[in-house]
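Visitor: I should like to understand how the terms used for empty space in a protein model are justified. Please show me the structure, and let us reason from it.

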Amino acid sequence: MKYISFAILPWLLAGLAPAQSLLKDINVQPVTGASSSPAQFLTVGANTFFAATTAATNRELWRTGGSASTTIQVKDINLGSNSANPSNFAVLSGVVYFTAAEAATGTELWRSDGTAAGTYLVADIEPGVNSSSPSSLTVFNNAIFFSAVNSATGRELWKSDGTTAGTVLVKDIHPTSDSAPFNLTVFGPTLLFVANDGTTGSELFRTDGTTAGTALVLDIRTGTASSNPNNLRVVGTTVVFTAFDDANGTELWRTDGSTVNTTLVLDIYAGASNSSLPAFLTVSGSTVFFTATDGPGGRELWKSDGTTAGTVQVKDIAAGTGSSSPSNFLAFGSGVLFSANDGVSGTELWKSDGTTAGTVQVADIEAGTASSSPIPRIVFGPWAMMSVQTAANGRELWRTDGTAAGTLLVQDIAPGTASSSPDNFVVSSTGVLFSANDGVTGIELWSTTGTGATLVLDINTGPLNGSASPSNFAARYDKVFFRANDGLTGIEPWVSDGSSVGTTLLKDINPGTASSTPTTPVFLGDKALFAATEAAAGQEPWVSDGTTAGTVRLGDLNPGTANSQPSFLGVFQGYMYFAATTAANGRELWRTDGTPAGTSLFLDINPGTGSSNPQGFGVLFNVFFFSATDGAIGQELWKSDGTVAGSGLFLEIYAGTTGSTPGEFAPLGASLMFTALDPTNGRELWKTDGTLAGTTLVKDMNPGAVSSAAGGFVPYGGALYFLAEDATAGLEVWRTDGTTAGTNILKDINPGTATSNPSVLVAGSNGLFFRAGEMTNGGELWFTDGTTAGTVMVKDINPGFPSGSPGAITRAGSGNVVIFQATEPTTGVETWASDGTAANTFQVVDLEVGPSSSFPSNYIRLRENVLFTATDPLRGTELYTMPLAVTGDYVAVKFGVGCPGTNGIPSIVNTGAPRLGNATFSVDVNSTRASSPGALYVAGVPTQLAVGGGCTLYATPVVQIGVTTSPSGFASVGIPIPNSPSVKGVYLSNQYVVLDPNGAFQNLACLSDGLFVLVN
């Protein structure tokens, strides 16, 4: 074995970049119409408080007096571009209480008097960065009552007098878990709510604000099952609500807070198996209006005074069995306004005073059967302000006084047929405030007094840069191909060498702002193939060598503007095979050598204009398999040796025109595994050794005609791992060695028939990573070494049942490390790395600091770096980079295409990992000419130098180490790696050249492919 010393390679040291950084802001075009999206309005005296978003501070607390000058941000609670997300507003003694997030304390209870100094945290109920996430803030007994969670008690009922000391647990209703109180409703001296004590299910509770005075009202649905009370409404001296019991279904109930007086009001749709499902309960005076169905009469308008006798249908608006489906109720005058469809006028504006005669259509705003779908929102003086949809104006601001003549458009805020979609209405000290989008300023703050509308302030003026939204990544050894939108040329192909200056538009295929929308590239040697659309030729196949000049259409296969819709299947003997559609031949099998001249129809399997719809692709030794139909039988298994004569139907698995539709081809040893459908077993796992006798069903994993839906095959350690479902364990991870006995579920992660819903498997050097979920820890990162005992959750990233939701799992380098996105409460969705152990599963960096998320995705390795996409509020979604070294992994990856010689194409490989201190690391070559002189070329950054004979030199040598191949055509060069931090981050590009009179390089030599190595 030859050796090379790191002492002679100081020039190969690569300086490492910061952990994660913006590579290039591709779309720098300013965005007009950025929205502040004001919402959560609450008026307190002269001020209205709300949440709004700006580019600088993201979503924070604002207030307004109804004018531009009085509209200000109260405080940047979560500093910088992180969001506090204020919500759940309530007012007590002139002070606004709400929930908000900031980095140090998570989401907790806050208060504000409208000044920055007077806006502060009330209490950190769940101490530290974790959140108590208060909700359902309700004023009762001169305090704020709410639901909150902490690690000691779970989610329970709390109260606060606005001080830290006065913020206390009312009662731990469910001591071993969450009682999850909600629907907090004030009823005189009692606060009613719904909770689950673990014994009675989710039922009706009451409290007077003390621990002793907090108790179950009634176990409506006895035992641990829940009646799920909902829609609590105070009507005079009673509270009506909806609940389910086994005798009556979901019906209308009432209570005065006592057990004895909590009773069913009326079983409107009689019978245990029927439910009237009361909805949209709206109180007007001493009456609650709602919708319900009695079965035969459809869903119509009902009312109740809380008594059985006083609970009646008001009117059968859509007469007979039809439903008028009333909705969008608003108490108005002595009755209600609502929308309903009488079957004649579409969904229009109606009103009711509780009598049949007094229930009438107010106006047929969109005349005829078309619908205006009005949404009455708020009462202001003599009017109800509404959102209404018309063909002429879109959804805009209207008002009504309850008469047809008094139902009018207030203003067409987004002129013409566009919609301003007014929402979030509140009565303020100066009129009505609401959110709307005029098509210019985005969703912003507006006001009205009923006679026109005015933009109060364009809160989020920007300028924000547009999002390039890079996607569809594919990596060659020296470049990453992807698609992006720079705001000028539309969605087009781009390329990056990992540097900002080297990240460029590849070609504006569909000129101007129109998009070619290229598909994800696949590679034929060094050539990237993809489909793209241009106005003149439609969607056709393209090829690129990574340069603008070398990016060309392979042909207009379906002439003119029609699309051939190429779908690339796989590579075999120097050709890329693909499916394409033409008017003359239908959808058939084509192939290309990467040149326009070498692109042609290969097989017209379904002759004439019929389509064979070739799909799937799997290579087994000197043939490839795919699925197709010849028109006489269904989609079945075909094979080809690359010649027309050597191509044909291999096996009809599902006789007749149904077809077995073979797919998911994956090699395993001397067999090709695939899935296929047959009438006896459903879609299951099959294999072929290339002979008819050796083409068999491997196993009916979900016995009978029900399919296991096997898929997502990943090879590891001489076996194939995949996802499949059976009636016993649900969807889980399986393993096969190609035999029936050796095809088994790996582990029932979510025990029983419940599924763990595992996601795509990703192989590392020591096992496989995937996402799976179970009832204790939610969806988290899992790892398997191929054994049941070795299939374990790596780490509960988001502790407890909430999910860490690992996604975009990608192998980092060549070792056992993956990178992925995951979420946890303090940092949001960010980039993580793992080697399969809890100790080495960590967040790489919090790119969008605090609980806000950068939503990283589309990870792809490029030499010593990983490129990915991430989002921030200033730049949108753009292209980022990080050094692979921060993940703890290394790279030893083959690239490029070698040049053949006497024994075919030499193959370069590494032995061992290029880790610090590995004295036995080596770079080897196989399949060269026996007993011949040659050399290992070693360089830094890979090159691409054409040297003739179709050969490429990928390592322009700075160091050349002579070798002599063995009688078997093998050679090896040892590269002992010192245990020194100074060589961490060194990268080496390697390629073997061996003298060979039969070599493609001028009958002088054969060349291996390249090997790129990063030391870590």
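The dialogue below concerns a predicted model and turns to its cavity, its pocket and its chain.

Visitor: What makes the space lined by Phe 481, Phe 482, Arg 483 and others a cavity?

Guide: The term cavity applies because a 1.4 Å probe fits there but cannot get out. The search of the whole structure finds one such space of 30 Å³ or more, and the largest cavity holds about 40 Å³. Its lining also includes Pro 493, Trp 494, Leu 506, Pro 518, Thr 519, Pro 521 and Phe 530.

Visitor: Which elements give two or more residues to that lining?

Guide: They are β42 (480–485) and β43 (491–496). The largest share, three residues, comes from β42.

Visitor: How do you know what classes of residue line the largest cavity?

Guide: Phe, Trp, Leu and Pro count as nonpolar, Arg as charged and Thr as polar. The lining therefore comes to eight nonpolar, one polar and one charged residues.

Visitor: Why is the space of about 470 Å³ called a pocket?

Guide: The term pocket applies because the set of points is open, with protein on both sides within 12 Å along at least five of seven lines. Of the 14 residues lining the largest pocket, Val 149, Pro 799, Gly 800, Phe 801 and Pro 802 lie nearest its centre. By class, the lining has five nonpolar, seven polar and two charged residues.

Visitor: What share of the chain is buried?

Guide: Buried residues make up 56% of the 1016 residues, the cut-off being under 20% relative accessible area.

Definitions and conventions: Residues are numbered from 1 along each chain as its sequence is written. This is a predicted model: local features need pLDDT of at least 70, side-chain atom pairs count only at pLDDT 80 or more; totals for chains, interfaces and linings use all residues. Side-chain values use heavy atoms; hydrogens and water are left out. On a 1 Å grid over the protein atoms alone, a cavity is a set of points where a 1.4 Å probe fits but cannot get out, and a pocket is an open set with protein on both sides within 12 Å along at least five of seven lines; lining residues have an atom within 4 Å of a point. Grid points are joined across faces, edges and corners, and a volume is the space filled by probe spheres set on the points. Helices (H or I, at least four residues) and strands (E, at least two) are DSSP runs, numbered from the N terminus. Buried means under 20% relative accessible area, exposed over 50%, partly exposed in between (1.4 Å probe, protein chains only).
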